[in-house]
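Colleague: I would like a close look at a single part of this model, namely the salt bridges and the strands around them. Could you take me through that part slowly, in connected sentences?

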Amino acid sequence: KDWTMRAFTIIEMLITFLILSLIAGAIFASTNIAILSWDFNIGMLTLVQQVRQAMDGMMRESRQSKLSSVTIDTSGFRLDFSIPNASNAISYYTLNNQLIREHPPGTTKVLANNISSLQFFLNSIVLQIQIQGTKTIRNVPRSFSLMEEVKLRNE
């Protein structure tokens, strides 16, 4: 019997190590890309949901107001209006990148975060609302803008 055993050569070991390293690197790279994509998509989804929910709430309430009860400040950044069955005016404005709803005066509720711009325009009986949200995702600022028009109630 031949008791000598055949072993792997150093070249075979190096080639095996190289192949395994390439496979591990490819797995790591694809996993990293998937994580980056996930973070971006979740960040944008959160931003879009906040902006849309805030817009829906403002549209629903402002649709109940009459033209005579709507006031927009000179800069267009604050909206005050009255609706039936409400004793005080309802206000919408931004403060520290948050969209604020104030009703009654002094009682505030944050409707959305990461709001970089809020603008109101009044054209005959149509109220135009523009919102822009901006969020930094993985050190890259991303924005989402939404503009809607609300037809106010007839006098």
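Modeller: A salt bridge is counted here where a side-chain nitrogen of Lys or Arg lies within 4 Å of a carboxyl oxygen of Asp or Glu. The model is a predicted one, and by this rule the count comes to four salt bridges.

In one of them the side chains of R101 and E61 meet, with N and O 2.5 Å apart. This pair joins distant parts of the chain, since R101 sits in strand β4 (residues 98-102) and E61 in helix α1, 40 residues apart. Both R101 and E61 are buried.

Helix α1 (residues 10-62) also holds D39, whose partner R138 lies in the loop between β7 and β8, 99 residues away; their side chains form a salt bridge at 2.3 Å, N to O. R138 counts as partly exposed because its relative accessible area is 48%, which falls between the limits of 20% and 50%, and D39, at 27%, is likewise partly exposed.

The surroundings of R138 can be followed further, for this residue is in the two-residue turn of the hairpin of β7 and β8 and has a positive phi of about 55°. The two strands pair in the antiparallel sense over twelve bridges, and one of the bridge partners is S145 in β8, which faces Q132. On the other hand, β7 (residues 126-137) pairs with β6 (residues 115-123) over eight bridges, again in the antiparallel sense.

Finally, R78 and D80 form a salt bridge with their closest N and O atoms 3.2 Å apart, and these residues are linked with E102 in a network of salt bridges.

Key. Residues numbered from 1 in each chain as written. Predicted model: local features only at pLDDT ≥ 70, side-chain atom pairs only at ≥ 80, totals over all residues. Heavy atoms only, no water. Pairing = 2+ DSSP bridges. Helix = DSSP H or I, 4+ residues; strand = E, 2+ residues; numbered from the N terminus. Buried < 20%, exposed > 50% of the residue type's maximum accessible area, 1.4 Å probe, protein only.
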